Amino acid sequence: MFLKDDHAQGRGLIFSIEQVTIDGDKATVSGGCYAAGLSASGNIYTVERRPDGRWKVTGDALPWIS
């Protein structure tokens, strides 16, 4: 989902989440970022739930970049 901000005048950074797959205390999150029409990337993050219940990113793959 992308949001439009008329005041930003095309400048900004948009992060997106496409899909989240959770398997116990591990999850895979696919998404990416878009930087003001100058660049974009697709990312696949691996996250793990810590004993205190918080999630931490433990891996980041970059399948594409533009």
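In this predicted model, strand S3 (residues 39–49) runs antiparallel to strand S4 (residues 55–65), and the two are paired through eight bridges. One position in this pairing is easy to pick out in the structure above: Ile44 has Ala61 of S4 as its bridge partner. Five residues lie between the strands of this hairpin, and among them Gly53 adopts a positive phi near 95 degrees.

The wider fold can be read in a few words. The protein contains four strands and zero helices, giving the pattern β-β-β-β along the sequence. Of its 66 residues, 18% are buried. Among contacts with a separation of 6 or more, 17% link residues 24 or more positions apart. The accessible surface amounts to about 5,300 Å², and carbon and sulfur atoms supply 56% of that surface.

Ser41 is a helpful place to look in strand S3. With a relative accessible area of 9%, Ser41 falls under the 20% limit and therefore counts as buried. The C-alpha atom of Ser41 is 4.2 Å from that of Ile65, although 24 residues separate the two along the chain. Leaving aside residues up to four places away in sequence, Ser41 touches Gly31, Gly32, Cys33, Leu62, Trp64 and Ile65. The side chain of Ser41 also makes a polar contact of 3.0 Å with the side chain of Asn43.

A second buried serine is found in strand S1, at Ser16. The relative accessible area of Ser16 is 14%, so this residue, too, is classed as buried. Outside the residues up to four places away in sequence, the contacts of Ser16 are with Gly31 and Gly32. Both of these glycines also appear in the contact list of Ser41. Within S1, the side chains of Ser16 and Glu18 are joined by a polar contact of 3.4 Å.

Attention turns next to charged pairs. Side chains of opposite charge can pair when their charged atoms come close. The structure has two salt bridges. In one of them, the side chains of Asp25 and Arg49 meet at 3.0 Å, N to O. Asp25 sits in the loop between S1 and strand S2 (26–35), while Arg49 belongs to strand S3, so this salt bridge ties together parts of the protein that are 24 residues apart in sequence. The Asp25 side of the pair is partly exposed, with a relative accessible area of 45%. Arg49, at 36% relative accessibility, is likewise partly exposed.

The other salt bridge joins the side chains of Asp52 and Arg54, with an N to O distance of 3.8 Å. Asp52 is placed in the loop between S3 and S4, the hairpin that also carries Gly53 with its positive phi. At 53% relative accessibility, Asp52 lies over the 50% limit and so counts as exposed. Its partner is exposed as well, as both Asp52 and Arg54 fall in that class. The side chain of Asp52 has a further neighbour in the backbone of Arg54: a polar atom of that side chain lies 3.0 Å from the backbone nitrogen of Arg54. Asp52 is thus linked to Arg54 through a side-chain salt bridge and approached by the Arg54 backbone nitrogen.

Nonpolar side chains also reach the surface. Ile17, Val20, Ile22 and Trp55 make up a nonpolar patch there, with a combined accessible area of about 410 Å². Strand S1 (residues 13–23) contributes the largest share of this patch, namely three residues. Ile22 is part of S1, and its relative accessible area of 54% makes it exposed. The same strand that holds exposed Ile22 therefore also holds buried Ser16.

Another exposed nonpolar residue is Leu38, which lies in the loop between S2 and S3. The relative accessible area of Leu38 is 74%, which places it in the exposed class. The C-alpha atoms of Leu38 and Leu13 are 10.0 Å apart in space, with these positions 25 residues apart in sequence terms.

Notes: Residues are numbered from 1 along each chain as its sequence is written. This is a predicted model: local features need pLDDT of at least 70, side-chain atom pairs count only at pLDDT 80 or more; totals for chains, interfaces and linings use all residues. Side-chain values use heavy atoms; hydrogens and water are left out. Two strands pair if DSSP finds at least two bridges between them. Patches are made of residues with over 30% relative accessible area and no salt bridge: like charges are joined within 9 Å, nonpolar side chains (Val, Leu, Ile, Met, Phe, Trp, Tyr) within 5 Å. Accessible areas come from the Shrake-Rupley method with a 1.4 Å probe; for residues, only the protein chains shown count as cover. A salt bridge is a side-chain nitrogen of Lys or Arg within 4 Å of a carboxyl oxygen of Asp or Glu. Buried means under 20% relative accessible area, exposed over 50%, partly exposed in between (1.4 Å probe, protein chains only). A polar contact is a pair of N or O atoms within 3.5 Å; within protein, one must be able to donate a hydrogen and the other to accept it, and residues adjacent in sequence count only if both atoms are side-chain atoms. Contact means heavy atoms within 4.5 Å.
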